[in-house]
Amino acid sequence: MIGLSCELKNKAGAMIYNVEYECMEAGERKKLQLANLKNLVEILYNRVPFYRKKMAALGVSSRDIHSLGDIEKLPFTTKDDLRELYPHGLLACPKDRIVEVHMSSGTTGKPVVDEYTQNDINIWRESMARTMAAAGCTRDDIVQNCYGYGLFTGGPGAHYGAMTLGAEVLPMSSGNTARQLMVMQDFGSTMLTCTPSYALYMAEEAADAGLDLHKLPISKGCFGAEPWSENMRKEIEGRYGMKAYDIYGLTEIIGPGVSFECEAQNGLHINEDLFYPEIIDPESGKILPRGEKGELVFTTLTKEGTPLLRYRTRDITYFIDEPCPCGRTTARMHRLFGRTDDMLIIRGVNVFPSQIEHALFEIEGTEPAYLIVVSRGVTHLDEVELQVEVKKDLFSDETKGLEALRAKIENVMKSKLQIAVKVKLVEPKTIERSIGKAKRVIDNRQI
Ligand code: DLL
């Protein structure tokens, strides 16, 4: 049952936190999902006026849900809906049952809110325990948790997961890098949890301080909350001598713990008994055939505080349905390609910042720090300047080497992205570092 640690090991010797649910036979899981979906629709219809109105307008109720495919009859929920209903408009239970609240930072407009009952917190603990167990976390670990604490879900989510597994947690929050490195050495942290960009920033500071991270016991980490590429993973793994796992989630659904990588690192297992996933065409809203890339949508099947129906995440991915060697039977999602709202359209070509990052990391001599600046020139055409940090020794070199590197990056971008990018090489440490989610794009176009 949920909330009971089974602690069974799979063939590879890695832990599966809840074998009963993570390795459930597909038909059994579908039955469970359908029962919980019907129950959710009933609750939302009766308790949340926003949903009752939407369902009434479409002429649907729980009586119309006979199979999981019937979910398509139900209305979507969008980020704009959440902002309009701020702060309590989506509450589906009596207010006195709420025990914790989180919000996403949101750069524009009102933040989005998640209000948790004790049972919702238990679901979160469960999903984060599954997530961190899949990365090898056990009660023997010392987890240095450098996700931000507070309204952001990252810090508390990883904290709950580590505690549920019986590990020792160092609740560092983000920032104060010198102290992070001191604690990492003195307390012998074995696992790191933070944004991938902060993991790299810490590694740079460690190198500057002459600290060899390979000599420390840190051996694994769970990284997420922002887009990162396969090459960035290699960079983190190389600098620490660790295995780096991708974890995904969003405030609206629960926080981190929605999906996670196992030791196979071939897609992220979705906790689908708790969060029902769909992938839709972002234009038409239609469910796409399995395996096609589109927008990820989630329904929270068992949440009580602020459950959501068909929430459009704006994140782009596709389902991977081949069986996973780890033994889990849950559907996997490919690591994110980007967000529908992050996609840059440059002279008509669709470009995701993650593509630029992936291409950049393959080029020798660059540091993993970059900034994409988009503007509209006097000719009214889009122009992209890619600022890239260069390794220290290269910068002190003669200009010939720098010029060759600049030309090389421009050529690679042209061939991989089909757009002309103006590259500006900058000295190490000149691009602003982030202790939380990194800002990679400045779009100065007035469109
Ligand atoms: O970032 C929750 C989280 C905390 C996830 C810690 C993982 C680790 P929000 O602040 O609401 O919640 O932001 C959610 O961040 O819709 C994605 O666009 C992005 N995101 C989250 N995880 C990943 C990831 C947290 N692994 C938004 N890869 C999501 C790429 C991610 N993007």
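A polar contact is a pair of N or O atoms within 3.5 Å. I adopted this cut-off before turning to the ligand, and I note at the outset that the model is predicted.

**Entry 1: ligand contacts**

I looked up Arg339 first and found one of its polar side-chain atoms 3.1 Å from an oxygen atom of the ligand. That pair is a polar contact because the limit is 3.5 Å.

I then asked which residues come nearest to the ligand. Of the 21 residues around the ligand, these are Asp246, Ile247, Thr251, Asp315 and Lys437. For Asp246, I recorded 2.7 Å between a nitrogen atom of the ligand and an N or O atom of the Asp246 side chain. For Ile247, the partner is a polar backbone atom, which lies 2.7 Å from a nitrogen atom of the ligand.

**Entry 2: the second largest pocket**

I read off a volume of about 510 Å³ for the second largest pocket. Its lining counts 29 residues, and Lys30, Glu272, Arg290, Asp321 and Ala331 are the closest to its centre. I next asked which elements each supply at least two residues of this lining. They are helix H2 (26-47), strand E12 (275-280) and strand E15 (319-320). Sorting the lining of the second largest pocket by class, I noted 14 nonpolar, 5 polar and 10 charged residues.

**Entry 3: the enclosed space**

How many cavities of 30 Å³ or more does the structure hold? I found 1. The volume of the largest cavity is about 90 Å³. I listed its lining as Leu82, Leu85, Tyr86, Pro87, Gly89, Leu90, Val113, Glu115, Glu252, Thr306 and Leu308. By class, the lining of the largest cavity divides into 7 nonpolar, 2 polar and 2 charged residues.

**Entry 4: a sheet of 4 strands**

I traced an open sheet in which 4 strands follow the order E22-E21-E20-E23, with mixed pairing. Strand E22 (422-426) and strand E23 (441-443) are the edge strands, as each pairs on one side only. On average, neighbouring strands of this sheet are turned by 20 degrees against each other, direction ignored.

Within the sheet, I examined strand E20 (residues 366-376) and strand E21 (residues 382-390), which pair over 8 bridges in the antiparallel sense. I also asked which residue in E21 stands opposite Tyr370. It is Val388. As background, I noted that strands of a sheet pair through backbone hydrogen bonds, either parallel or antiparallel.

Definitions and conventions: Residues numbered from 1 in each chain as written. Predicted model: local features only at pLDDT ≥ 70, side-chain atom pairs only at ≥ 80, totals over all residues. Heavy atoms only, no water. Pairing = 2+ DSSP bridges. Axes fitted to C-alpha atoms, helices over the stretch in contact; angles between N-to-C directions. 1 Å grid on protein atoms, 1.4 Å probe; cavity = no way out; pocket = protein on both sides within 12 Å on 5 of 7 lines; lining within 4 Å. Points joined across faces, edges and corners; volume = space filled by probe spheres on them. Nonpolar A, V, L, I, M, F, W, Y, C, P; charged D, E, K, R; others polar. Near = heavy atom within 4 Å. Polar contact = N/O pair within 3.5 Å; in protein donor to acceptor, adjacent residues only side chain to side chain.
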